[in-house]
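Trainee: I should like to learn how to read a protein model in an orderly way. May we go through one together?

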Amino acid sequence: MFNTRITELLNIKYPIIQGGMAWIATHKLAAAVSNAGGLGIIAAGSLPGDVVREEIRKLKELTDKPFGVNIMLMSPYAEDIVGIVCEEGVPVVTTGAGNPGIYIPKLKEHHIKVIPVVPTVSLAKRVERQGADALIVEGTEAGGHIGEITTMALVPQVADAVEIPIIAAGGIADGRGFIASLALGAEGVQMGTRFVASAEADIHNNYKEMITKAKDRDALVAGRSTGHPIRVLKNRFTKEFAELEKTETDIMELEKFSVGKLKLAAYKGDLDKGSFMAGQISGLINEIESCKDIIESIIGKGNQVIEDLSSLKGGDKSE
Ligand code: TUI
């Protein structure tokens with residue numbers, strides 16, 4: 001049942017990984033996903049090392065299943081976090097927002113499985129050469145910091161370009177997206193937005209409701225002019241940010257305007273000033289469910305989709 005190189009590599013029941021969303025992916029969410037048979041991830045985001053170490057220890061009290069830590073490479077603490085995951089015996093590291101190449105040798109020495117997020121074929125090939133164990137291939141449909149290529153176009157191109165197993169991300173929230181990803185050559189999926197709108201996500205309820213109420217066109221891209229585009233749900237913050245971007249405001253000012261706004265969304269649920277990062281698939285998500293229900297319904301619906309598709313099989317038009 002959906003046993004792939006990813007379930008084998010990570011020693012998990014289902015090939016479903018939780019995204020490492022800064023300020024959202026705490027030990028509570030990660031434990032719920034790991035206990036439901038997926039891979040839960042703690043997001044280091046821009047947290048200092050001692051806080052991340054505590055999160056790892058709290059997670060270990062809640063699960064004996066495999067889990068991971070996401071290292072956001074633009075964080076000033078990225079190098080410290082690499083040291084901490086090595087000391088704490090973390091089994092899996094995912095990385096985002098940069099090339100993790102310089103850290104891979106140390107992580108591998110500590111027998112940590114390294115799975116970078118890549119938004120292009122060229123970076124996929126480079127990190128494979130540098131020793132990555134698998135890749136998370138993330139399309140522009142995703143929430144937060146994004147690349148430019150869609151999941152549909154990027155996943156098969158990376159699948160053809162590398163030997164290591166790949167996990168599709170960006171725009172996936174149900175059994176149809178799961179099976180589509182496998183059809184494109186992925187051996188697992190990573191979901192962020194779907195798990196933000198879960199019962200166990202330890203964030204303000206307004207964030208979850210922003211997602212369940214969102215429609216197909218509500219997840220916009222802000223900050224293209226800064227070189228760090230982020231996908232975020234439309235609100236007063238995105239409107240004011242877009243207006244600032246049209247003016248001569250320099251990049252440092254723009255970055256300053258957005259710093260801290262994600263925390264404001266996650267902790268305070270500030271509907272006007274918060275930055276509610278979320279993917280284009282928000283429009284598909286209408287209910288807050290437990291991580292166990294989310295995962296089991298994806299697997300159940302996935303089996304159903306395969307069955308339905310198999311009736312299309314065959315090429316003899318005369319039948
Ligand atoms: O990292 C993410 N999503 C994030 S990180 C984040 S915190 C943040 N906030 C404001 C500005 C910037 C970051 C919020 N959401 N997803 C994984 C991801 N990684 N998406 C795209 C990339 C990526 C981009 C460029 C990975 C590597 C990369 O490499 C460039 C290079 O150095 O070659």
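Mentor: The following dialogue treats the overall fold, the domains, their interface and some single residues. This is a predicted model, in which local features need pLDDT of at least 70 and side-chain atom pairs count only at pLDDT 80 or more, while totals for chains, interfaces and linings use all residues. Residues are numbered from 1 along each chain as its sequence is written, and side-chain values use heavy atoms, with hydrogens and water left out.

Trainee: How many helices and strands does the protein chain have?

Mentor: Helices (H or I, at least four residues) and strands (E, at least two) are DSSP runs, numbered from the N terminus. The protein chain has 14 helices and eleven strands. Its radius of gyration, taken over C-alpha atoms, is 19 Å. The globule rule (2.2 Å times the number of residues to the power 0.38) gives 20 Å for 319 residues, so the chain is as compact as a globular protein of that length. Along the principal axes, the C-alpha trace spans about 65 × 45 × 35 Å.

Trainee: Into which domains is the chain divided?

Mentor: Domain bounds come from an automatic or database domain assignment. Here they give domain 1 (8-199) and domain 2 (205-268), whose C-alpha centres lie 23 Å apart.

Trainee: How should I read the interface of domain 1 and domain 2?

Mentor: Begin with contact, meaning heavy atoms within 4.5 Å: 16 residues of domain 1 are in contact with twelve residues of domain 2. Next comes buried area, the accessible area (1.4 Å probe) that two parts lose on being put together, summed over both. The two domains bury about 1,200 Å² between them, with 68% of it on carbon and sulfur atoms. On the side of domain 1 that touches domain 2, β7 (144-145) and α9 (193-196) are the elements that give two or more residues.

Trainee: What does a salt bridge require, and where may I find one?

Mentor: A side-chain nitrogen of Lys or Arg must lie within 4 Å of a carboxyl oxygen of Asp or Glu. The structure holds 15 salt bridges, but the rule finds zero across the interface of domain 1 and domain 2. One pair is Arg-53 with Glu-87, whose closest N and O atoms are 2.8 Å apart. This pair links distant parts of the chain, with Arg-53 in helix α3 (residues 49-62) and Glu-87, 34 residues apart from it, in helix α4 (residues 78-87).

Trainee: Which residues does Ser-258 touch?

Mentor: Ser-258, in helix α12 (residues 251-258), touches Phe-237 and Phe-241, not counting residues up to four places away in sequence.
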